[in-house]
Every structure is written in structure tokens, then in C-alpha cells.
Amino acid sequence: MEQYNISKGNSFYAIGLSYKKADAEIRGHFSLDAQSKINLLEQAKQEGVESLVVTSTCNRTEIYGFAQHPFQLIKLLCDNTKGTVEEFQKVAFVLKNKDAISHMFRVGSGLDSQILGDFEIIGQLKHAASQSKKEGLLNHFSERLVNAVIQASKRIKTETSISTGATSVSYASVQYILNEVENISQKNILLFGTGKIGRNTCENLVKHSQNEQITLINRTKDKAEAIAGKFNLVVKDYSNLQEEIQTSDILIVATGAQMPTVDKHIIQNKKPLLILDLSIPKNVNENVNELENITLVHLDHLSKITDDTLENRKLDIPLAEIIIEEVKTEFNAWLETRKFAPTIKALKLKLNDFKVAELDTQRKKMNNFNEEQAELISNNIIQKITNHFAHHLKDDAISTDESLELIKKVFQLETSSTNV
């Protein structure tokens, strides 16, 4: 990428891994819970990183930030997860500057989602940027970029049909249950975990199953009670998990634990039990498959489920890409202005020096020198001159780099050379 007034000596990188090359187990190794994200941001500050945005979902873990070398960001990720550099190298991606910017647009717009049109990621990206800002780790470039991605996402959601139909893992899980389980309204359903995916799954269950026999369990009971009150559902204590599983026909696990919370030792079911694990890392131990009458389905399988509208949503991909390019063009135009902003600023300071010296000379020569009028006129002239140069530098027909060098040379300006 060309020279911009964004970050001294650094480039902008996107590093991470997603469902495309990393299976659920490997994604689990690099998953970041809330505390791990805070630890990563704190470490980044200590190591002098100036801007960083960190996202970790069931489908991907990504870091967008500035570094002299991408390994600085990879190390931050590996230091705060169970993942190793060797594992990362096998399944991950490293994108730089323009490619990193394009990637964030595609991710935030739902075009890179495991289920096309899943817009939950934009909320997570917005939250991640807000968290970075609180920690003083969001520079003007990153904040402007995230806002541009949010703008593109909103336009795609309203101007295309990409978000029509099943667009999330939580919805796909309910569709799977509806397709695979007969008499769903009569089945005992236990939802273990009421985080974001759990809440969304609960809403979809209530809406589409007409089932009033849904029980919620969460380690923090009041969180489950808040959701249960909304839908008039039953809440049980975490200590009752084993006995509630025993009476269930369907168990949905959506906890945020870093280790499995359900294994074969707590399942005593004599009748068939369908288990859906919507967690990353996996929260259901594979050893449940050793039991009879148990069917275990993980979200990677659920994400392959499509509904009748998927093909129609795919037809809108070109329109979504046009919208992205339009917003990205606006962002790049802003970047171009950042490119010559230091020179215009330096020019304004130089002209101001001329003004101060000249006013001082005229003040000594004239007895009735009008200070206020002279200040006003000279400031207006300086603004007109700098505006004229700025318009010139925005002209696509001229070489911006050559013009910048000429302006610096003529006015003997000193500006810092910086990178994106």
C-alpha cells in the first residue's frame, strides 16, 4: 500500500483462522473467551501495539492490527490461547494492507460467513472495536475502517436479500431439529447455556417449534431466568443438569466453557437423546458417541444445512460486492486525504509563520495598525491557499507524490514519512 499518515513504520494486517481451513477442534484451540481478549489487549499495550481489533466467534478468530511484522500479532494470539504457532501456520491466513481491508469488509458483510448472510459477526466486530477503544487501542484508521464496514453491512442487509431465511447457526440448529425430530412440540428440550447463541436458539425454538416443554440451565442462574421470563420457560439449577438430561429428548449445549461440560458419565438416558453442540471449543465430549441411543451433532455439520432461499441469496452476492466496492472507494478516498494531510498541515504552519513575521513588521511601521482586521484577512488568505493546494492534490489527473515533493521543496517543509 502507498504511504499514508496512519502508522509510523507499520503495516495493517489481518491474521487468523476460520471454518474454511480449521475444523472445530483447531478453532477451539485458538478460541478467546472474554477474559482472554482482555489479557490479549493488555499484552498488546505493553508491547507497544498502537491499534488492534480482536474477534473470536464459533466460526473464526481474527486479529486486525498494526505491526512491523505479522508475527507480533500471531504471538499475541498464541500467548493467550491453547493454540501453537505450528498449528496456526497449517490452517491460518495472513493478509496485509489492501487485502486485510478487503477481508474485513467481506467478513463484516456476511459474505465470508459459514452460512451466507449471517450478520451476527458485525455486532461482534462493533463490540470488539468498542473494547479496543476503551483500552486506547483503536487509532483513527481502524475506527474509520470499522465504521465503513458497518455502513456496508447495513446497506447489504437493507438493499439485498442475502439475510433472508436461515442466516445463523442458531437458526440452522432449530431447522435441523424440525427436520429430524417428529412431534417436536411433544419433546422435552433442555438448553444448557444462555449466552448469545443460546439466547438466539431459544428464541428460534419458541418461535418455530410451538414447544412449551423447554428447560433452561445456566451456570449463572439469573441469566437463564431473564430469558425464561421473556418466554415463560422453566429454569433449573446447574446442580440439576444430570437429572434434567435424563428426562430430555433433545439437549442443546451452548456454553462458553473452554473444556467439555458434558460427557458420557453424566448421561443415564435409556431413551434416544439428540445432542446439538453449538460451542467452540466443543463442550460435548466425543465419548458420548460410545453410548447407545445418542446422536451427537456439532455446529460444523449444522452450518452445512441450507434452506430453500439459499440459492436466491447467492444471486445477490454480486450486488453485495458492488455495495462493498462503493463504500470501500469512499474509505480509500479518505485514506488519500490522509496521505497529504501532514503536508497541508505543515504548509499551513509555514504560511502562519510568514503571517506572524509580516504582521510584526507592519505593526512596527503603522501607527494605526488594525490588529483584528489584519489577523482576519491573513487567516482567510492562508485558508484559501491551503484549500487550493488540497483540491490540486485530490485531482486524479496529477501525480500526488510528485506534487507533494514539489510543495515540500518550494516551502521547505518537514513532515514525517509514515505507513499504513
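Here is a short chat about helix 8, a pocket and two nonpolar cores in this predicted model.

Reader: What makes helix 8 close to its expected span?
Author: Helix 8 covers residues 169–180, 12 residues in total, and reaches 16 Å from its first C-alpha to its last. The expected figure at 1.5 Å a residue is 16 Å, so the two sit close together.

Reader: Why is helix 8 called mostly covered?
Author: Buried means under 20% relative accessible area, and 9 of the 12 residues of helix 8 are buried, so "mostly covered" fits. Among them are Val-169, Tyr-171, Gln-175 and Ile-177.

Reader: And what do the buried residues of helix 8 pack against?
Author: Their partners include helix 6, helix 9, strand 10 and helix 12.

Reader: How do you know which residues line the largest pocket?
Author: A lining residue has an atom within 4 Å of a pocket point; 45 residues line this one, with Ser-56, Gly-195, Lys-196, Ile-197 and Gly-256 nearest its centre. Helix 6 gives the most, 7 residues. The pocket holds about 1,300 Å³ of space.

Reader: What makes up that lining, by class?
Author: It has 13 nonpolar, 23 polar and 9 charged residues. Gly counts as polar here.

Reader: Why is the set with Phe-12 and Leu-145 called a nonpolar core?
Author: Because a core joins buried nonpolar residues through side-chain atoms within 4.5 Å, and this set has 36 residues, with Phe-12, Phe-105, Phe-141 and Leu-145 touching the most other members. Helix 7 brings the largest share, 8 residues. Leu-145 touches Phe-12, Ile-101, Met-104, Phe-105 and Phe-331, leaving aside residues up to four places away in sequence. A second, separate core has 29 residues, including Tyr-176.

Definitions and conventions. Residues numbered from 1 in each chain as written. Predicted model: local features only at pLDDT ≥ 70, side-chain atom pairs only at ≥ 80, totals over all residues. Heavy atoms only, no water. Helix = DSSP H or I, 4+ residues; strand = E, 2+ residues; numbered from the N terminus. Buried < 20%, exposed > 50% of the residue type's maximum accessible area, 1.4 Å probe, protein only. Contact = heavy atoms within 4.5 Å. 1 Å grid on protein atoms, 1.4 Å probe; cavity = no way out; pocket = protein on both sides within 12 Å on 5 of 7 lines; lining within 4 Å. Points joined across faces, edges and corners; volume = space filled by probe spheres on them.
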